Amino acid sequence: MIEIPCTPEKAVPALYLDLDGTVRKGKDELGRFVNGPEDVEVFPEAIEMMRRWKAGGGRIIGVSNQGGIALGIVSLAKVAAAMRETHRQAGSLFDKVAWCSHHPGAADPEMARCWCRKPSPGLVIESALEIARQYGEYYPPYMGLMVGDRPEDQECARLAGLDFQWAADWRAQASSS
Ligand SMILES: [Mg+2]
Ligand SMILES: [Zn+2]
């Protein structure tokens with residue numbers, strides 16, 4: 001049977017946030033990768049900007065490359081625990097946190113190839129579709145924004161049709177900075 005959707009959905013702005021170096025301190029700020037919950041330090045300015053977005057009725061989705069999982073550098077459990085801690089420190093403002101566990105350098109082809117590692121737009125699209133179903137909403141790219149600190153974030157935004165802002169500029173808009 002073919003399911004034909006006919007329920008009207010609500011158009012909502014979605015904010016896609018890179019995590020390391022954008023929402024939480026990354027390698028540049030910590031001097032090491034975030035490998036577990038003990039490494040998580042969320043920027044206060046990011047929390048303020050996330051609050052503002054939510055106050056405007058938007059959704060927030062975290063999108064993070066965690067290729068260390070595919071390379072065997074960090075466990076899936078540690079990454080998941082770090083994500084929970086990030087969500088907690090960020091005032092539980094995320095509607096979803098998604099990450100890519102793959103890396104082109106992995107020996108196992110299942111872990112080496114994917115459509116979700118940024119700059120690929122798969123993580124953004126999969127996440128948006130998932131929460132869209134959950135809330136009966138949709139997230140038109142023209143209403144959305146992606147924030148990140150790396151060229152792959154910028155390219156991912158372009159491929160997904162989203163506006164892009166550099167993390168430092170985004171956080172600089174917070175009054176606490
Ligand atoms: Mg980053
Ligand atoms: Zn992936």
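Helices (H or I, at least four residues) and strands (E, at least two) are DSSP runs, numbered from the N terminus. This is a predicted model, in which local features need pLDDT of at least 70 and side-chain atom pairs count only at pLDDT 80 or more, while totals for chains, interfaces and linings use all residues. Residues are numbered from 1 along each chain as its sequence is written, chains are lettered from A and ligands numbered from 1 in the order in which they are written, and side-chain values use heavy atoms, with hydrogens and water left out.

**View 1. The whole protein, with 7 helices and 7 strands.** Welcome to the overview! Starting at the N terminus, the elements follow the order β-β-α-α-β-α-β-α-α-β-β-α-β-α. The C-alpha trace spans about 50 × 45 × 25 Å along its principal axes. The radius of gyration, taken over C-alpha atoms, is compared with a globule rule of 2.2 Å times the number of residues to the power 0.38. For 177 residues a compact globule would come out near 16 Å, and the protein agrees at 16 Å. Buried residues (under 20% relative accessible area; exposed is over 50%, partly exposed in between, with a 1.4 Å probe and protein chains only) make up 47% of the 177 residues. Counting contacts (heavy atoms within 4.5 Å) between residues at least 6 apart in sequence, 66% join residues at least 24 apart.

**View 2. The magnesium ion (ligand 1) and its protein donors, Asp18, Asp20 and Asp149.** Donors are N, O and S atoms within 2.8 Å of the metal (3.2 Å for Na, K and Ca); water is not among the atoms, so sites may look incomplete. Asp18 and Asp149 each offer OD and Asp20 offers O, at 2.1 to 2.2 Å from the ion. Along the sequence, the donor spacing reads D-x1-D-x128-D. Asp18 is buried at 6% relative accessible area, whereas Asp20 is partly exposed at 21%.

**View 3. The tetrahedral site of the zinc ion (ligand 2).** Here the protein donors are SG of Cys100, ND1 of His102, SG of Cys114 and SG of Cys116, lying 2.0 to 2.3 Å from the ion. Four donors count as tetrahedral if all angles lie between 85 and 135 degrees, and the angles among these 4 donor atoms are 99 to 120°. The donor residues are spaced C-x1-H-x11-C-x1-C in sequence. Cys100 and His102 are both buried.

**View 4. Helix α2, residues 44-55.** This helix of 12 residues reaches 17 Å from its first C-alpha to its last, close to the 16 Å expected at 1.5 Å a residue; the expected span is 1.5 Å times one less than the number of residues. Its buried residues are Glu45, Ala46, Ile47, Glu48, Met49 and Met50. They pack against β2 (14-17), β3 (59-65), α3 (76-89) and α7 (167-172).

**View 5. Gly57 and Gly58, after helix α2.** Gly57 follows α2 with a positive phi, near 85°. Gly58 sits in the loop between α2 and β3 and is buried, with a relative accessible area of 5%. Setting aside residues up to four places away in sequence, Gly58 touches Val12, Pro13, Trp53 and Asp95. Gly58 and Met143 are 85 residues apart in sequence, yet their C-alpha atoms are 9.5 Å apart in space.

**View 6. Lys96 in strand β4 (residues 96-100).** The side chains of Lys96 and Glu130 share a polar contact of 3.1 Å. Such a contact is a pair of N or O atoms within 3.5 Å; within protein, one must be able to donate a hydrogen and the other to accept it, and residues adjacent in sequence count only if both atoms are side-chain atoms. Beyond its neighbours within four places in sequence, Lys96 is in contact with Ile60, Ile61, Gly62, Ser127, Glu130 and Ile131.

Notes
Four donors count as tetrahedral if all angles lie between 85 and 135 degrees; four count as square planar and six as octahedral if opposite donors are over 155 degrees apart and all others between 65 and 115; anything else is irregular.
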